[in-house]
Amino acid sequence: MTGVVTEVSSVKKTAAANELNTLVVLTQDRPDFLRRTLQYYRHYAGPVLVLDSSTRANADLESRFPNVTYLHLPDLAESAAQEKLAYGVGRVTTPYMTFASDDDFLLQDALADSVEFLQAHSDYGFCHGYCLSYRSLGNQVDYFRRDKKVREDYDDERVQDRVLSAMDAFISPLHAVTRTQLLRHWYASLPLDVSAQWHTIGYAWYLLASAKGRILPIPYAVREAEGALALHKQALLAVLSSADPASRVARDRFAEFLASMSLVALGHDADAARNFVLESLAVLQASLHADSSAAHDLLIESNWKSPLVGPIRRFGPNQYVELPFYNQPFFDQLSEMEFLIGAIPAGAEQLHELEGTWVLQCQLMKQHDNDIAETVTERLWKALDLNVFNKEVVAQLAQQLEALDEPDESRGMNEWLKRLEAVCAVDRRSLLASTASGQLLDWIEAREPAAEDVIQAAVYLAGQGGGPQLGILLLDLDDDIDKLQVTLDSLLEGAYKGFKIVVFTTGVPPVATSLQNTLHFVQVSKSNYVDKLNQVARQTACDWLLLAQAGDQFLANSLLLAAVELQKAPQCRAVAFDEIQRHPHGALADVFRPAFNLDLLLRVPALLARHWLVRKDVFVQAGGYSADYTKALEFELLLRIIQTGGLAWLAHLDEPLLICDAPQLQENNEEQLALNHHLTALGYKAQISSALAGTYQIDYRHTERPLVSIILPSQGDLPTLQRCLTAVLQRTRYARYEVLIVDNHSQSPEIEAFLAHQEQQNNRIRVLRSEQHVSDAVLCNMAAQHARGEYLVILSCDAEVVHPNWLEALLNQAMRPEVGVVGAKLIDRQGKVTQAGLILGMNGGVGSAFIGEAKDATGYLHRLVVEQNYSAVSAACMMVRKELFDAVGGLDEGPFADAFSDVDLCLKIAQAGYLTVWTPHVHVIHPGTRPETPTALAALQAKWASAFDHDLAYNKNLSLSAKGFTLGEASSVKWAQLL
């Protein structure tokens, strides 16, 4: 009984002390952190004051937490932190107060010990203990040393000695228990415009100059180890050491302010007081630079693997036992914190880590048609192993264990569930819904066909002869039965049943089967499986063949949709799908591809060449898979299909086929070898390079050096014209070019003199003059008639070429026989993208994706860094073969003369059977803006209605708003229209 009485007495003593201390919690737009921290302080005996400057209020907090006074202060959202702190100080009524961050854990018994110390020592102004840092990951909490062992009692009677000793081993007292009256005086005197760094420094300096300070040898707080800590240190060092005049003035001014706060204690000589402050700041600078009191060593990795056992901790090689953390009571408090961190996850890093875990748990909780109680329970145990804080998993597992008559384990699960519910553990489904993976899962769910849709599609296909027979060639080279079952379940539960599955496994087939069976097993080795694939492909009666991997999950409607579409397109030779990729940590990402895009396929095969349905006769005619390219099976086959049959009837279906593991974009010699072999077969002696793993640049090594005519339509802006022309003349390495400047009836003597001088001085330059003011389209057509070059470059006068090889890079694409137009990447002077190919329908008109991205950003599917085919590119910088330009009538001089003549030209050339290529390897400085011409846009949309209905360079499932290449709104398949 003695121990129990002592514990109760200790609790009462802690509560009595903390009743004198107000916790002031500052938060802004972090409701998850706030909910967690208030759950942690729910039994705190003193007042808790929340200052929330979020846009939206958390209105129910006071009802859920009776010890909390909640103030919603959106007007302080843009204010500096010290202004919020000052506001909080003015509302504290207790003799002591403590600032608490919404992501930190202050130990309540340590707060009480600090209050008791201050109660017993009236000459002390603040008191605290030592801190650890923590970082919360998905299923793990890491702990780091934050404070080093330092002098703990700053009890010098002389202010100067006290301040200097504290600055020499600086641990900020910002979160200490502090006398409220001291802080009232500080914030009443603090200038409003003081920076956050000077506030941090001045806060500590003022407290030490005003009273003694104490660091108790106890664990005091566990604080979030954010990356900003190092940045904060650097910011402090910057204000303390910067030598520029403005920084020195700011330092001197703040030193004068601090001296004035303690003028009597420092003496009556203002200069001497200021000099002492500067001396102490120099000591602080040295302390921060040497990390004399701060550290960031990993101490403990803690993982809560089982709800029936506490967290399992792994201790790092270096431990610092001089710090007061190595005792069981503190570890018990860590366990409580970890429970809250797991039950109420918060922060971008932790939520990002958990996103994939929640996806995997959702999939494991999904019921299957062939399930029995044991299989459901087995998957739920696997789901629990991923993360023990998911209430839905725990509840389902408790129910299953009870049904299986496992009372002890069921009881343990129910107790854990009650503990989770007691702290209002967050619903994982709602958290998942706010992530990219969750939004993608909701999007997929919206695409699932209703029962009546499946029936109607079946009736339609029956009337068409039953629909195509699909052959699923399933590789199980790791003999992984669990992965194989995932794929088989997804196929059997899908809406379309017109398929045969052949499993190529390195294991022993579970049953004897034949090709006539719906499911057939073929035993293979990793050395002969390609031959077996080809053998089965030749023998099967299936119409279409698809290669997949064990673990791929086919989506419910994908094969049904494919069957309907293929039935309508008997000429189709091969068809690609979209896919959902699963990254190693489990998170999902959409891979929504454009329509067949030759150049994108050649540049990023790992993202474009997988999971194609290939017609069987096309497969056989091409020779099947090659055993020499096991790391590029599908890509190498596609290249041979292109070689034997050209680009016709290679299609794409804007619908994800399956969920699969994301490929690693890495160096792949077999991809490069296949690409080189393909280009050699086409007659090129190409050079292939890879600046970014998994992507390829192709130098076609054309031997011809054609003359290029660069057309500059001048609109009378002399400085702009001069800048453009100078860039062309100084930054063009290619020798065979001419420049045609087309003057738009300029009346300026300065421009006339400039043009005349250029023409006289440089035989590359010719000047053409319009007798009346006309559009750029007319000017360019006029120049084209006089051009001598085989290739034309239309270059806007407000454009500025950047790299000396810009003409070679354009010719590298334009000289390919299948290419008609080549466009460039437009950037601004800050290196941000202003245009990267044109997309029809973007933001309601004709626009570009990726605007505002860094010029070297990779973009969606790496589309900002590789050549690809677009429907249109901008005449800000456009190369076109002159013969082709003339054949389609050049730029339109009618409805599109003032806008969109470049788009119209690209579409006319595409109609003639040629590709438009956009290259990221030509950078042109240009604003990228286009004229606002509603009438011309309406005319363009009417003329090219089908192109606007679906731009083939862009996927229907992606949003056409803002920067583009983001997931569009979830919608169901329009089966009635399709059928």
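The largest nonpolar core of this predicted model holds 252 residues. Within this core, Phe 99 and Trp 186 have the most contacts. Helix H8 supplies its largest share, nine residues. A second, separate core has 41 residues, and among them are Leu 721, Phe 754, Val 822 and Leu 826. In soluble globular proteins, nonpolar side chains tend to be buried together.

Start with Trp 186. Leaving aside residues up to four places away in sequence, Trp 186 touches His 199, Gly 202, Tyr 203 and Tyr 206. The list continues with Phe 254, Phe 257, Leu 258 and Met 261. Two helices come up next: H8 covers residues 196-210, and H10 covers residues 245-261.

H8 and H10 pack with their axes 11 Å apart, at an angle of about 25 degrees. That angle is under 35 degrees, so H8 is roughly parallel to H10. Their crossing is right-handed. On the H8 side, the contact is made by Trp 198, Gly 202, Trp 205 and Tyr 206. H10 answers with Ala 250, Arg 251, Phe 254, Leu 258 and Met 261. By class, seven residues of this contact are nonpolar, one is polar and one is charged. Gly 202, Tyr 206, Phe 254, Leu 258 and Met 261 belong to this contact, and they are also among the residues that Trp 186 touches.

H8 has another partner. Helix H12 spans residues 270-290, and its axis comes within 12 Å of the H8 axis. The two cross at roughly 110 degrees. Angles of 65 to 115 degrees count as roughly perpendicular, so H8 and H12 are roughly perpendicular to each other. This crossing, too, is right-handed. Trp 198, Ile 201 and Trp 205 of H8 make the contact with Phe 276, Val 277, Ser 280, Leu 281 and Leu 284 of H12. Seven of these residues are nonpolar, one is polar and none is charged. Trp 198 and Trp 205 take part here, and they also take part in the contact of H8 with H10.

Now move along the chain to helix H27 (residues 633-645) and helix H28 (residues 669-681). Their axes come within 9 Å and cross at roughly 10 degrees. That makes H27 roughly parallel to H28. From H27, the contact takes in Phe 635, Glu 636, Leu 639, Ile 642 and Gln 643. These meet Glu 671, Ala 674, Leu 675, His 678 and Ala 681 in H28. Six of the contact residues are nonpolar, two are polar and two are charged.

Helix H32, residues 806-814, shows how covered a single helix can be. Eight of its nine residues are buried. These are Trp 806, Leu 807, Ala 809, Leu 810, Leu 811, Asn 812, Gln 813 and Ala 814.

Finally, step back to the whole chain. The protein chain has 37 helices and 35 strands. Its C-alpha trace spans about 95 × 90 × 50 Å along the principal axes. Of the 979 residues, 57% are buried. How much of the contact set with a separation of 6 or more comes from residues 24 or more positions apart? Such residues account for 76% of those contacts.

Terms used:
Residues are numbered from 1 along each chain as its sequence is written. This is a predicted model: local features need pLDDT of at least 70, side-chain atom pairs count only at pLDDT 80 or more; totals for chains, interfaces and linings use all residues. Side-chain values use heavy atoms; hydrogens and water are left out. Buried means under 20% relative accessible area, exposed over 50%, partly exposed in between (1.4 Å probe, protein chains only). Helices (H or I, at least four residues) and strands (E, at least two) are DSSP runs, numbered from the N terminus. Axes are lines fitted to C-alpha atoms, for helices over the stretch in contact, and angles run from 0 to 180 degrees between N-to-C directions. Angles under 35 degrees count as roughly parallel, over 145 as roughly antiparallel, 65 to 115 as roughly perpendicular and the rest as oblique. A crossing is left-handed if the near helix is turned anticlockwise from the far one by less than a right angle, and right-handed if clockwise. Contact means heavy atoms within 4.5 Å. Ala, Val, Leu, Ile, Met, Phe, Trp, Tyr, Cys and Pro count as nonpolar, Asp, Glu, Lys and Arg as charged, and the others, Gly among them, as polar. A nonpolar core is a set of buried Ala, Val, Leu, Ile, Met, Phe, Trp, Tyr and Cys residues joined through side-chain atoms within 4.5 Å.
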